[in-house]
Amino acid sequence: MRFILRRLGFYLVAFWLSITLNFLLPRLMPGDPVSRMLSRSQGQLDPSQIESLRQLLGVDDRPWWQQYPEYLWRVLTGDLGISISRFPTPVAEVISSQLPWTLLLGFVSLIIAVVIGNLLGILAAWRRGSFLDSFVPPFLIFLGSFPYFWLAMGLLYVFGITLGWAPLSHAYSVGLQPSFSFEFIADVAAHLVLPALSIVLVSIGGWMLAMRNTMIATNSEDYILMAEAKGLRPSRIMFAYSARNAMLPAVTNVGMSIGFIVGGALLTEVVFAYPGVGYQLMAAVQGLDYPLMQGMFLTITGAVLLANFLIDIIYVRLDPRVRAH
Amino acid sequence: MISNRNRVRRFAGSLLAAAAATALLLSGCSADTTGDPGASGALLTVPREDMGTFNRNFNPFSPNAAPMTQQAVYESMLVYNPADGSTTPWLAESWESSEDGKTVTFHLRDGVTWSDGEPFTAQDVATTFALQQKIVEGSFPYVEKVAAADETTVVFSLSEPFSPGLYEIGQQVIVPDHVWADQESPDTFENKEPVGTGPYTEVTNFQTQSFDLLPNPHYWQKDKQKLPGVRMLAFAGNDGANLAAINGDVDWAPQFMPDIETTFVDRDPEHRHYWFPPTGSMVNWQLNTTTEMFKDPEVRKALSLAIDREQVVEVGMSGYTEAADCTGLSGSYSAWKDESLIGACEWIGYDPDKAGEMLDAAGYELGTDGTRTTPEGEPFAFDISVGSTSTDWLSVANIISQNLADIGVTATVDAPDWAAVTAGYEQGDFDTGIVWSDNAPTPYQYYRSLMSSETLKPVGEQTFSNYHRFSEPKADELLDQFSASSDEATQHDIVDQLQELYLEAAPVVPLFPGPEWGAYTDVRFTGWPTEDDPYATLSTRSPTTVLVLTSLEPAA
Amino acid sequence: MAYPQTELVATPQRGGRGLARLLRNLGRNGKAIAGIAILLLFIAGALLAPVLFPDDPSRIVGGGAAPPNAEHLLGTTARGQDVLALTLWGARSSLFVGFAAGLLATLVAVLVGLAGAYFGGVLDDILSLATNVFLLIPGLPLLVILAAFMPPGVGTVIIVLVITGWAGGARILRSQGMSIRGKDYVAASIVTGERPLRIMLRDILPNMASIVMMTLLGCIIGSIGAQAGLEFLGLGDSNTISWGTNLFWATSDGSLMLGQWWIFVPSGLAIALVAFALALCNYAVDEITNPRLRKPRRAANAAAPTRVTADDAEEGVA
C-alpha cells in the first residue's frame, strides 16, 4: 500500500511538471496562430482583421506568467477551452471525436503485436536453435528497423494500390452509419488491416526478442529444473512456470506502450487518412492552436500516467516480491 | 507420452488457421470500398486535404468552419469570377453607388427563401453586417451603417468613398436574421443545423471522416439544383486526397497533384481533365527594402533578371503555372493589365549577363573567387526564407539560389516551419522571402500592400501586409483616387498608372501567379468549367464554387 | 529506444578488463561481425561520396525522373538528381547525426543514471523525476516544437534528438547502477574512502559496460530513426542531404504513387540496414554477456529441456 501511495505522489508531481512544460513550450514557438492562419490562407484573409480575429479566437497576449495560473485552474476543472484552428468547436469535442479511433488502432496493434510477439518468443525460447529461434527474430528485427512510415507507405502501395486487397484510407467505408451491426464492425476491421499491420510489423520483433531472452534467463532457474525433474509436461512448464515469470518485464513494457498509443501513430494515420488524434496533434502544433495543443498534451500525459499507475498496481499483484520492499 | 512437438505444432497451426480465416471472413464481408457511389444516386464527392477530421461547425463567421459552409450552405449578393472578370448577380439583382460614392444600394432578388421556409429579406443583410462587424472588429471599416429600406432594398452608408468595397460587400455571405439575431454569443455558436439560402444546406450523416449536404428544399434556383447532394471527405494530406482522386473515389480534386498528367489523367483520359488558371495570388520574391543592400531599385531589378523563371515554373512548380509577365500582375487581374506594357519587359525576364552588368554598375563587383561584394566590401550574401512544408516553393527557392550563384550572388535557403517564417516577415526580421500577396476583385489591395505608406510599418513593429516595407508617395495618391472613383474608365486609367509606377520602382520581384488547382472527372457529373468555358475556377473554397455547384448535373 | 532491455547478471570485474574482454568476444561473434561489416560498408560509402560524386547532388536539373539506367545506377528524381549520389551523400549526414546524437544521449543518460544510482537520496529523487518527466512528455510534439523554434541546422537536429532520447537509457542505467551499487565490492570501496567519482568510474561503470554498450547502440538506432521521421515531416534542415530528406522529397513529389520505386526505396532500405546492423551488434553483446542466449550446439529436442552445459560456457565470463 505504501508503495502505491508513493508512486501516486510521484506521478502527481510528474504530472504537474509535464503540464507546465506543455504550457511553456508552445509559447516559446515564434509566431502566433492568427498570422499562421493568414499565411496559410495565402492572401484570402484580410490583414486588417487580424487584431480582432485574435480577440475572437481567444489568442492571449498576456505574458505567460499571467496566463499560467488560469491555465492550471482550467486543467483542474476540466475546461479545455475552444480550439483556434477549428473555431468555435470546443477542444474537448475535437479530441473526443478523434480519440476513439486512435485508441482502436493503437490497442488492436498493440494487442496483436504483444500476443503474437510474446507467443513467438516463448516458442523460440523453448525450441532453442531451431529455425524459429535462429532466423525469425533477426528477420523480424530487420522488419522493425524500417522507418515505420516507410513500411506504411510500402504496404499501402503493394497491397492497397497495386493488388487492391485492402481499402486505401479512412476508418470505414464512406457513407456507412456507425452502429454495432456486424456489417459495420467488419468494415472497420477491414480498414484496420493495413494501418495495424504496419504498426505490428515494426514492433513485433522487439516483443519477440524480449520475451525470448527473458524466457531463456528464466529457463535456467532452479525451479524449472525442479519442475522438469518432477515430470511435469513441457507445455505446462513452458506456460505455467517459465512464461508466467518471464511476463513481468513484458507487463512493464506494455504499460509504457499503452501510454504512448494515445500520442497517436501519427505517420500511420497520415498515410492512411485514419481519423485519429495523431495527425491532428501535428496540425495543432504547426498551426499554433494553443488550446488544442494543450488539451492533447494533457490527454496524452494523463493517459501515460494512468497506464503506468495501473501497470504498477498490476505488477504488484503479479509479483509478490515487490510488496516486500 | 504424446509427442510434444506435435502438440505445439497443432496449437500453432490452429492459431494460424483461425487468424487466416478471420481475415478472409472480414475482408470478404466488408462493405465495398469507397468506390461505390451509393445506391440512391451518386453524391458529388469532394476531398478536403488539410483537415484530417471534420467537426460539426458551420458558423460562417469563423475562418475555420467546416468546408462548403460559405459555398454550398450560405450565399452572397454577387459573385465575381476572376477567371473571366465577370460579375454575376446572385442574391442581389442589381446595385448602384451614389454620385459621391458614399452610398451603395443593393436591390435584392424577390422570392428567395431560407432552407427552413422563412423568406429572405433585406433585414437579413443588415443583421449579417452588424454581426460581422461585431464579431470581427475591423471588418468593413468603411461601412458606417447598413439599413433595410424595404423588404428587398439594402442601403449601405460609407464613411468615405471606397469603390473596391463594392466587391467586398457583395461577396459577404448572408445569414438569417431570425436565427442569428437572438444568439447570445454568435462568435462561439457552432451552428450545427445551419439555415441558409444555398443549394445544399441539409447536413446529414455527419462523421469525423465525412459528411453529406443534401439539397435545400426551398432553393431559389430549383432548375440549377441538379445534384443529389455533396459529400465531403477528410484527408490528412495531399497524398491521401490524391490517392482517392486517382482511384476514382472523388469527382473533384482541388488539391496539388504531382505530375498530374501521368498520375491522374492517364488513368482515364476520356473523363479526367484539369485546369489551373493563373488566377491565384501573385507569388513574389520579396526583398526587405530596409536592408542596405536592397535599397537600390537597380539592384532589385538586376536580381530579378538573374532568375530563370522558365525553370522555376517548369521544374519548381511542375509546369502548373506560367512565369510572371511584364506587368507583374496575377491572371486574376487580366482585365486590368495594361496591354502596352506587356511587351516591354525591362527587368522581368531572364538575362544573367545584363543582371551582372547592372550589378557591376551599382557597385556590386565580382571578385576573383566568383562571388560578389557589396559597395561596402561585405560579401553579397543573404537568406531566402520559405516555409518547409510548401515543397513547391521550396524547390523554387532552391532554383533561385542556384540561378543567383551563377552570377556570383550567394543566397542560402532558410526553410523552418511557416510559423517561424511568417513571424520573421511580420517583424521585418528577414533578408528575402517567397511571399503570397493579396488577391481581390480589383488590384487596389494588391498595390496598396506593395507600395502604400498606409501599410508601411518600421522593422520591429508587427505588420500583416507589406512585409518588404516599401512605400512610394505617388502610389498613395493614385490609390486614393482609385477608391474615390466608381467610374470604370477612370479606374482603369489609374491602374495603368500604378502599373507604370510599379515597373519603375520595382518594389518586389514577381515570380509567377499562383495557380488555382483544379481537376475533375466527368464520369458521374458534367458541366465543369474549363479553359474554353471559364465561368468559374475549379477551386472549392472560393466565391465561384457556388457557380460550379449550380451548373453541374449528373452525367447522362 | 527501440531495443528492449533484458535483465542481465553483471559480473564483478575490476578496472577496464571487462570492456576489453567484451570487445574481444565481439570479434568472435558471427552476428557482431555481420553487423560491423554492414556498418563499415555504409561508412565507407559515406566517406567515398565526395570522391565518387564530386558535384553537388542536389543541383536541380531538368530531365525528370528516370528509372535505373547505365548513366544513373539508381535512376533520377523528379528534379533530375542522381539517386545513388543522393543516397551516398545522405549517408554522411544521417550517420553523423545518428552517431553524434546517440553518443551524446548515452553520455547524458550515463551521467544522470549513474549519479542517481550512486548518490541516492534527494539527488536521485530529482534526477528520477526529471527522467520520468521527459519520458512522459509526448516525444513527437516535443520534437516538432523544438525543431520549429530553433534555427534549422544539423546542430539543432542533434540537440533535439538528444533532449528527446536520453531519458529511456537513463532509467535503465540507473536501475542497473543501483543493483551494482548494492554489491559488496562497491561497499568495500566506499568504506575504504575512495572518492565517489573513482568508484563510479572504476567499479560501477566497467561492470555495466555491456548495458552501456546496448544503450549506446539503442540510442543510435533511435536517433537515426527519429531524425528520419523529423525530416520526413519537413522539420529537419532542408539544405542538408540525408536519408530522411530524400524520403521527404520523394513523398512530396509523389514518387510512390507514380510507381517510381527507385526514388523511394534506397534511402528507406539504407536506414533499415544500418539500424539492423546496429541491432545485430546489440544482439551479439547480449549473447556474449548472457551465455545462455548463445546458439546451442544442437537444436533443442522438444522432449529434452533446455540446458546450460559446460560446453556452452566460454572463457571471458567468470
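The expected span of a helix is 1.5 Å times one less than its number of residues. Keep that rule handy for the first stop on this tour of a predicted model.

**Stop 1: helix 9 of chain C**

Select residues 209–232 of chain C, which make up helix 9. How far apart should the ends of this helix be? With 24 residues, the rule gives 34 Å, and the end C-alpha atoms are indeed 34 Å apart, so the two agree. Now look around the helix: it is mostly covered, with 24 of its 24 residues buried. Then click on C:Gly234, which follows helix 9 and has a positive phi, near 90 degrees.

**Stop 2: C:Arg202**

Next, pick C:Arg202, which sits in helix 8 (residues 196–207) of chain C. Why does C:Arg202 count as partly exposed? It has 15 C-beta neighbours inside 10 Å, and partly exposed means falling between the limits of 12 or fewer for exposed and 20 or more for buried. While you're here, select C:Met150 too. C:Arg202 and C:Met150 are 52 residues apart in sequence, and their C-alpha atoms are 39 Å apart in space.

**Stop 3: where chain B meets chain C**

Show chains B and C together. Here 26 residues of chain B are in contact with 20 residues of chain C. On the chain B side, the elements giving two or more residues include helix 1 (4–29), helix 6 (238–247) and strand 15 (410–414). Which element of chain B gives the largest share? Colour helix 12 of chain B, which supplies six residues. Altogether, the chain B residues touching chain C divide into eleven nonpolar, ten polar and five charged.

**Stop 4: where chain B meets chain A**

Swap chain C for chain A. This contact takes 58 residues from chain B and 56 residues from chain A. Helix 1, strand 10 (230–234), helix 6 and helix 13 of chain B each supply at least two residues to the side touching chain A. That side of chain B splits into 20 nonpolar, 29 polar and nine charged residues.

**Stop 5: confidence**

Finally, colour chain C by pLDDT. Its average is 79, and 83% of the residues score at least 70. Select residues 1–15 of chain C, where pLDDT stays under 50. Residues 311–318 of chain C also have pLDDT under 50 throughout. Where pLDDT is low, the predicted coordinates should not be read in detail. For the complex, the predictor gives an ipTM of 0.78 and a pTM of 0.81.

Terms used
Residues are numbered from 1 along each chain as its sequence is written. Chains are lettered from A and ligands numbered from 1 in the order in which they are written. This is a predicted model: local features need pLDDT of at least 70, side-chain atom pairs count only at pLDDT 80 or more; totals for chains, interfaces and linings use all residues. Two residues are in contact if their C-beta atoms, placed from the backbone, lie within 7 Å. Helices (H or I, at least four residues) and strands (E, at least two) are DSSP runs, numbered from the N terminus. Ala, Val, Leu, Ile, Met, Phe, Trp, Tyr, Cys and Pro count as nonpolar, Asp, Glu, Lys and Arg as charged, and the others, Gly among them, as polar. pLDDT is the predictor's confidence in each residue, from 0 to 100.
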